[in-house]
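Here is a short report on selected features of one structure. Strand pairing comes up, then a contact surface and a core.

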Amino acid sequence: MITIFGIPLQAFLGQLLLGLVNGSFYAILSLGLAVIFGLLNVINFAHGALYMFGAFLAWMGMSYFGLNYWVMLALAPVIVGLFGILIEKFLLKHLYKLDHLYGLLLTFGITLLMEGLFRSFYGVSGQPYSTPEALRGATNLGFMVLPNYRAWVVVASVVVCLLTWFVIERTRLGALLRAGTENPKLVEAFGVNVPLMITLTYAFGVALAGFAGVLAAPILQISPLMGSNLIVVVFAVVVIGGMGSILGAIVTGLGLGVIEGLTKVFWPEASSTVVFIIMAIVLLLRPAGLFGKEK
Amino acid sequence: MNRQALGYVLFAVFLAAIPMLGIYPIFAMKIMCYALFACAFNLLLGFTGLLSFGHAAFLGSAAYASGHAIKVWGFSPELGILYGVAIAGLLGVVMGALAIRRSGIYFAMITMALSQMVYFFFLQAKFTGGEDGLQGVPRGTLFGLIDLKSDLNLYYLVMTIFVLGYFIIWRTVHSPFGQVLKAIRENEPRAISLGYDVERFKLLAFVLSALLAGLAGSTKMLIFVSATLSDATWQMSGLVILMTLIGGLGTLVGPVLGAFIVVLLENKVGDFGAAVAKLTGVEWFQRLGESVTIVIGLIFVICVLAFRRGVVGEVNAWLEKRKAVSTQA
Amino acid sequence: MKLRTLSASLMLAGFGLVSQSALANISDDVIRIGFITDMASVYSDIDGPGGIEAARMAIADAGGAINGKKIELIFADHQNKADVAAAKAREWFDQQKIDMLIGGTNSGVNLALAGIAAEKKKVFMAIGAAASDLTGSQCTPYTVHWAYDTVALARGTGSAVVKAGGKSWYFLTADYAFGHALERDTANVVKAAGGEIKGQVRAPLNSSDFSSFLLQAQSSKAQILGLANAGGDTINSIKAANEFGIGKTMKLAGLLIFINDIHSLGLNVTQGMQFTDGWYWDQNDETRAWSAKFEAKVKRKPSMIQAGDYSAVSFYLNAVKATGSDDGDTVMKWMKSNKVNDMFAKNGYVREDGRMIHDMFLMEVKKPSESKGPWDYYKQIAVLPGESVFTTLAESTCKLIKK
């Protein structure tokens with residue numbers, strides 16, 4: 001039996017792959033956060049709750065309307081995005097002139113509201129959601145049996161992340177977005193509707209969270225608390241990657257997922273804290289984050 | 001100044017009389033602990049302008065540390081509390097040193113992440129008992145003389161601690177050190193240009209806040225003779241922010257009132273929900289009681305949007321306006 | 001700061017505090033029972049609101065009053081947090097003057113509650129919890145542990161599985177009092193029967209993703225995967241184990257399974273699984289009759305814990321009736337000197353350490369073809385006599401036992 005650092009190769013590769021799966025979630029979520037922070041300068045604490053909302057929508061679509069996974073995969077992000085528009089237009093907008101801390105506090109309050117409401121209606125034990133037919137079963141990769149669905153999660157996340165990166169960095173729309181970040185007044189002077197751009201950006205960011213939620217539905221328990229368990233780790237990921245950096249968020253998300261997976265093999269007790277330890281180290285050495293620019 | 005002193009004396013008398021008024025002492029003690037916690041937090045946010053999203057780490061670490069010291073090492077309560085405070089302070093130095101490197105939102109996120117690390121440590125560590133918590137800590141005898149098993153005796157100890165903690169904060173705010181903190185909050189670049197070592201002041205404020213939050217934690221541990229994970233969660237950090245926000249940022253009395261409102265809320269939402277359920281016949285309101293989170297979230301949102309000065313802040317502003325109007329007329 | 005602001009705050013505070021105390025009715029003319037359990041989280045199905053209903057049924061069957069004194073039930077959700085439960089219990093004892101406290105699910109919570117009840121010298125009945133420490137190292141003169149505990153489960157399931165050839169074990173454990181106790185007690189049984197423990201992994205309570213832990217279990221190459229968890233955690237681990245094909249190389253041993261879990265997972269996934277249970281709705285006419293009444297109210301068949309709730313409350317009320325008192329010591333004395341004979345247990349009794357001794361049963365999950373409908377899931381394989389399956393007095397670590 002081949003061993004790496006005393007751990008059987010099988011276990012090592014297996015955890016690596018599982019880490020990649022988790023990393024995909026980190027990547028999509030921190031991407032959404034990074035996009036929102038880049039343009040709005042708002043830390044969207046509600047990101048976790050909106051991810052949870054996406055997962056619940058998938059379940060509700062199935063249970064109440066018989067809509068299958070694929071439909072919800074497209075529909076849920078749209079609904080979450082619309083909800084995001086409501087939040088931005090009616091709540092967040094008022095706070096832009098103030099200290100950015102208030103945006104964080106507002107979204108924190110929204111998180112509590114959403115989690116409380118869902119918890120009150122559905123309890124905490126969670127709802128079951130089965131894997132879609134097409135993705136059931138598992139493939140024997142030799143060193144482990146990987147459920148097909150998890151492979152799909154990695155593929156879907158990477159594709160979505162790359163698409164987002166492409167749009168923001170390589171298209172005109174993205175250029176407008178980035179310009180709006182640098183100098184909103186000037187961009188507005190050019191006739192671009194900056195407030196609309198901001199609203200849509202927020203909607204897009206949270207739609208990403210909703211998408212991640214639907215992806216997570218078959219794997220994790222769909223519970224009102226699923227977002228809050230994740231959001232703090234995602235924050236750490238964003239701090240490590242450097243806020244406002246799109247590529248940084250993606251790479252850091254995937255990378256940290258893998259590192260966390262490996263930690264589970266060598267030092268399981270530390271697996272939940274390793275991301276924060278890395279964050280502390282990065283802060284000491286490179287306060288702006290690995291890919292970030294000092295703002 | 002005299003009117004203020006009179007006000008405080010009256011309040012202290014009221015506090016001392018609480019057990020006689022038939023009010024459940026444990027409830028009053030709980031409020032005082034949270035009030036001290038909120039005041040400590042306000043020192044950092046309201047007076048220095050630093051939003052820490054991880055203050056629960058200090059509450060929890062002090063609770064666990066003093067609980068462990070008293071239960072396992074046989075410390076007496078006063079030494080146990082001091083030990084808890086010291087641990088919180090140490091944690092404050094470490095967390096502060098790391099977090100102060102950045103400011104504003106980044107500072108908040110770093111404190112949140114660091115305190116999450118502390119939470120996970122407590123989750124895993126053997127001595128905390130994980131999900132079960134540290135239970136059955138003996139209250140012991142204070143200075144070998146006063147038996148703290150009696151809720152009444154404990155009440156006076158907690159009251160003294162609260163008054164002491166509040167006084168420390170009051171004194172800090174009204175000192176030259178406090179003035180520098182306010183200057184940093186108002187305009188940091190200017191404070192730097194005036195020659196102040198801003199980083200050092202921020203760190204000092206952070207550690208002081210951590211120490212006092214730790215004091216609140218150790219005291220709370222004695223009341224409930226236990227230390228559990230909920231003391232160190234981010235929800236607890238959020239709760240203390242809410243208390244300060246509702247009460248009034250940057251005021252001295254605000255956090256005390258805020259703590260009172262929030263604890264009362266937690267206790268009463270259940271009854272309120274049941275009453276509304278009976279009134280409207282809508283069964284769901286019954287469950288509202290079980291979800292204090294919804295109400296807290298709603299209040300948070302409303303406060304941030306429309307009520308940023310908090311109760312005391314609004315009252316002060318209203319009184320100022322009244323005075324301005326009356327002097328105009 | 002203005003004096004006016006201060007006085008306004010004072011008035012508000014005073015009002016609030018006084019209103020708080022106004023709610024504390026002192027009533028000793030009521031027999032008040034407090035019930036704290038998990039109402040909405042991982043363990044809400046096996047006890048939760050259903051358990052409250054079972055307790056209410058017991059009160060109704062006792063006539064709603066004893067010797068003219070009304071019986072009242074108040075309940076609360078502990079959210080699986082020991083401090084929430086402890087604060088509530090303390091408040092109930094001090095302010096609401098409850099006479100008896102019932103602990104629903106969650107061993108950590110129950111251990112905390114036991115301490116408080118002992119301090120207040122009131123009867124505490126732990127029904128949903130499993131930790132054997134409740135009548136072992138942490139026993140008190142006021143604790144009665146009713147339905148089951150980790151030792152009984154370990155001796156029942158552990159020895160049955162080892163006897164059937166499952167000698168090497170790996171544990172997936174819920175990281176708190178119950179999980180540790182179950183793992184420890186089962187490991188002892190396995191080792192005593194000549195088996196081997198290959199390792200264990202501790203998962204946080206309420207984990208959603210068990211994939212990583214299961215992979216570690218698989219790489220241990222043990223024959224048996226012992227699930228030292230319960231409720232939602234068990235359901236999720238079994239589901240994930242299925243997903244990852246764990247069943248191909250290891251056999252799953254659920255150490256604590258409730259009928260709600262089987263109902264949630266379905267017979268396809270769980271058929272053939274053997275485990276220990278303290279009660280089943282389809283055992284005899286008495287159980288069937290009571291379960292029908294329960295189902296009419298709660299819309300599902302009762303679990304062992306819910307049946308235990310009914311039985312324990314009835315027993316307590318009998319004690320109060322017989323002794324004419326709700327004093328903790330008096331009631332405890334009666335309970336420890338009388339037998340339990342109801343639809344839950346036959347010839348059961350409460351030992352000096354508080355442990356309620358009664359027969360347990362080795363059950364096996366039916367194949368889908370063998371089941372005639374929903375909730376018809378078990379076949380009874382063997383009766384495990386109480387005396388042999390619970391901790392014996394000689395083994396007990398309880399300080400109340402005189403050796």
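In this predicted model, C:Asn67 takes a positive phi near 50°. C:Asn67 belongs to the hairpin of β2(C) and β3(C), which has 2 residues between the strands. The two strands of that hairpin run antiparallel and are joined by 2 bridges. Strand β3(C) also pairs with β1(C), and those two run parallel, with 8 bridges.

The table sets out the pairings of β3(C), residues 69-77.

| Partner strand | Direction | Bridges | Residues opposite each other |
|---|---|---|---|
| β1(C), residues 30-37 | parallel | 8 bridges | C:Gly34 and C:Ile74 |
| β2(C), residues 65-66 | antiparallel | 2 bridges | C:Ala65 and C:Lys70 |

In a regular strand, side chains alternate between the two faces of the sheet.

Next, the surface between chains. Chain C uses 18 residues to contact 23 residues of chain A. On the chain C side, α7 (211-219) and α8 (231-243) are the elements that give two or more residues. Helix α7(C) gives the most, with 5 residues. By type, this side of chain C divides into 10 polar, 5 nonpolar and 3 charged residues.

Last, the core. Which residues touch the most other members of the largest nonpolar core? They are B:Ala113 and C:Leu113, in a core of 360 residues. Helix α1 of chain A, residues 9-40, gives the most to this core, with 19 residues. Leaving aside neighbours within four places in sequence, C:Leu113 is in contact with C:Ile36, C:Ala85, C:Ala86, C:Ala89, C:Leu101, C:Gly103 and C:Phe124.

How values were computed. Residues numbered from 1 in each chain as written. Chains lettered and ligands numbered in written order. Predicted model: local features only at pLDDT ≥ 70, side-chain atom pairs only at ≥ 80, totals over all residues. Core = buried A, V, L, I, M, F, W, Y, C linked by C-beta atoms within 7 Å. Buried ≥ 20, exposed ≤ 12 C-beta atoms within 10 Å, placed from the backbone. Helix = DSSP H or I, 4+ residues; strand = E, 2+ residues; numbered from the N terminus. Contact = placed C-beta atoms within 7 Å. Nonpolar A, V, L, I, M, F, W, Y, C, P; charged D, E, K, R; others polar. Pairing = 2+ DSSP bridges.
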